[in-house]
Amino acid sequence: AGAMAARRGAEEMRERVVLGEFGVRNVHTTDFPGNYPGYDDAWDQLRFEQGFRVDVVREEEDTLEFDMVGIDAAIANAFRRILLAEVPTMAVEKVFVYNNTSIVQDEILAHRLGLIPIRADPRLFEYRNQGDEEGTEIDTLQFQLKIKCSRNPQAAKESSDPNELYINHKVYSKHMTWVPLGNQPDLFPDANFRPVHDDILIAQLRPGQEIDVLMHCVKGIGKDHAKFSPVATASYRLLPDITLLQPVEDEAAELLQKCFSPGVIEVQSIKGKKVARVANARLDTFSREVFRHESLKNLVRLARVRNHYIFSVESTGILPPDVLVSEAIKILMGKCQRFLNELDSVPME
Amino acid sequence: VQADGTDGNCVTFVLHDEDHTLGNSLRYMVMKNPDVEFCGYCITHPSESKINFRIQTRGSLPAVEPFRKGLNDLMGVCQHVLNTFEVRLLPQDFRDLF
């Protein structure tokens with residue numbers, strides 16, 4: 001019996017991150033070879049492949065929610081970091097201001113233009129070489145924004161609505177037009193490079209003011225500047241695991257249901273008594289409200305499954321989220337390959 | 001990549017232009033190797049993007065071997081994750097075609 005309890009304790013330490021009242025226990029991965037007698041923890045690709053699976057929970061135009069089961073925190077976090085900072089996109093980098101008589105300063109205007117997501121597949125372009133000021137057709141996209149605000153001659157005499165009084169007084173991202181460079185019309189005959197959203201307000205004008213700028217978009221990564229990040233956000237959480245250590249009945253069951261997010265605990269009537277049951281632990285956000293009630297504190301064990309990650313990826317619209325995840329995995333492979341090549345080429349002494 | 005250390009069993013690699021992204025995942029893969037006695041990485045200074053990655057092996061195995069094996073294992077993991085992920089997305093695409 002002592003051995004069984006010890007094994008159960010080891011199982012818990014290996015597979016669950018436990019949320020106690022005042023802190024979180026068993027946070028770090030401990031299943032390395034030699035730590036647990038009786039377990040073979042050496043890396044085995046076959047065992048990994050048998051235990052690994054991916055389930056896509058929800059897939060919409062811009063968001064993707066999927067589960068990765070059987071992988072470790074280090075690698076899941078590496079994917080998340082790459083999604084945020086190392087998947088390349090195209091964004092406005094240089095703004096050539098020919099005329100700007102609006103009240104938005106040049107540098108503020110340039111900053112705002114840089115943050116606009118551009119619908120252009122970055123895999124079709126190269127990175128710009130260091131020190132190259134002009135930009136060639138394989139690494140640069142050129143956009144023009146030329147707009148002038150004027151008074152509307154047909155407006156009523158006493159109206160005070162700016163929409164009626166002025167023409168072109170709001171500068172939206174739909175006013176940005178693509179100016180093909182060199183042989184880009186031949187390279188991209190069907191492409192229609194434009195900002196992802198047409199209704200991003202860039203600046204506001206009044207009659208007589210005009211903006212005339214030329215923009216160069218280049219390929220970059222989020223590590224360099226956050227405007228190049230392709231995701232609105234990419235995050236993951238671990239699958240919650242709620243176990244009731246003892247049966248909970250009647251008022252305690254009702255109270256328990258209120259302590260968790262809706263849908264997590266279900267109260268059923270069995271033989272006239274109300275009994276609580278864990279219906280769907282995945283929905284819980286772990287506010288740990290149970291620990292505030294003395295009567296319920298010891299009846300529940302809150303934990304998370306250590307190797308089950310629920311990823312949520314929201315794209316800004318440049319690339320669909322499933323393409324982003326594939327690109328992130330390929331980038332991690334590219335990093336490993338780079339070091340393998342260096343190991344083979346540089347002689348070690 | 002630079003390496004220095006005594007007698008080839010304990011080696012510190014200096015990886016340039018890397019951070020926790022590769023450092024932590026590579027450390028995990030190398031630790032899974034039963035021949036490795038110690039594996040760790042640290043970022044020398046947050047303003048410089050380089051990491052010190054140290055491997056010490058049991059016995060007489062040269063430390064470059066677990067490093068190479070760790071990189072290969074990590075590539076295998078990524079390849080499998082990519083394949084599984086893309087297969088999992090396929091049925092959706094097929095359904096959209098109909």
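Biologist: Let's start with Asp121(A): at 24% relative accessibility, what does this residue count as?
Modeller: Bear in mind that this is a predicted model. Buried would need under 20% relative accessible area, and exposed would need over 50%. Asp121(A) comes out at 24%, so this residue counts as partly exposed.

Biologist: Which side chain does Asp121(A) meet in a salt bridge?
Modeller: The N to O distance in this pair is 3.1 Å, and the cut-off is 4 Å. The partner has 44% relative accessibility and counts as partly exposed. The residue that meets Asp121(A) is Arg123(A).

Biologist: And Arg292(A), which side chain is on the other end of that salt bridge?
Modeller: Arg292(A) itself counts as exposed, at 65% relative accessibility. The partner counts as partly exposed, at 24%. With 3.1 Å from N to O, the pair is completed by Glu289(A).

Biologist: Where does Glu18(B) sit, and is the residue buried or exposed?
Modeller: You'll find Glu18(B) in the loop between β2 and α1 of chain B. The relative accessible area is 2%, and the limit for buried is under 20%. So Glu18(B) is buried.

Biologist: Which residue of chain A does the side chain of Glu18(B) pair with in a salt bridge?
Modeller: Leaving out residues up to four places away in sequence, Glu18(B) touches Arg338(A) and Phe339(A), among others. The salt bridge is 3.4 Å, N to O, and the two side chains also make a polar contact. Both partners are buried. The residue from chain A is Lys335(A).

Biologist: Why does that pair join two chains?
Modeller: One end, Glu18(B), is in the loop between β2 and α1 of chain B. The other end is in chain A, so the pair joins two chains, and the element that holds Lys335(A) is helix α8 (residues 321-345).

Biologist: How many salt bridges are there between chain B and chain A?
Modeller: Lys335(A) with Glu18(B) is one that joins the two chains. Asp19(B) and Arg81(A) form another, with the closest N and O atoms 3.0 Å apart. Between chain B and chain A, the count is 4.

Biologist: Which element supplies the largest share of chain B's side of that contact?
Modeller: β2 (10-16), α1 (20-31) and α2 (64-97) of chain B each give at least two residues to the side that touches chain A. By class, that side has 19 nonpolar, 12 polar and 9 charged residues. The largest share is 21 residues, and it comes from α2(B).

Biologist: What area do the two chains bury between them?
Modeller: The contact takes 40 residues from chain B and 46 from chain A. Carbon and sulfur atoms carry 71% of the buried area. The total for the two chains is about 4,100 Å².

Biologist: In what order do the elements of chain B run?
Modeller: Chain B has 2 helices and 4 strands, and buried residues make up 44% of its 98 residues. Starting at the N terminus, the order is β-β-α-β-β-α.

Biologist: Last one: how wide an arc do the buried residues of α4(A) cover around the axis?
Modeller: In helix α4 (residues 106-114) of chain A, the buried residues are Leu109(A), Leu113(A) and Gly114(A). They are on the same side of α4(A), because the arc they cover is only 135°.

Key: Residues numbered from 1 in each chain as written. Chains lettered and ligands numbered in written order. Predicted model: local features only at pLDDT ≥ 70, side-chain atom pairs only at ≥ 80, totals over all residues. Heavy atoms only, no water. Contact = heavy atoms within 4.5 Å. Buried area = accessible area lost by both parts, 1.4 Å probe. Nonpolar A, V, L, I, M, F, W, Y, C, P; charged D, E, K, R; others polar. Buried < 20%, exposed > 50% of the residue type's maximum accessible area, 1.4 Å probe, protein only. Arc of directions from axis to C-beta. Polar contact = N/O pair within 3.5 Å; in protein donor to acceptor, adjacent residues only side chain to side chain.
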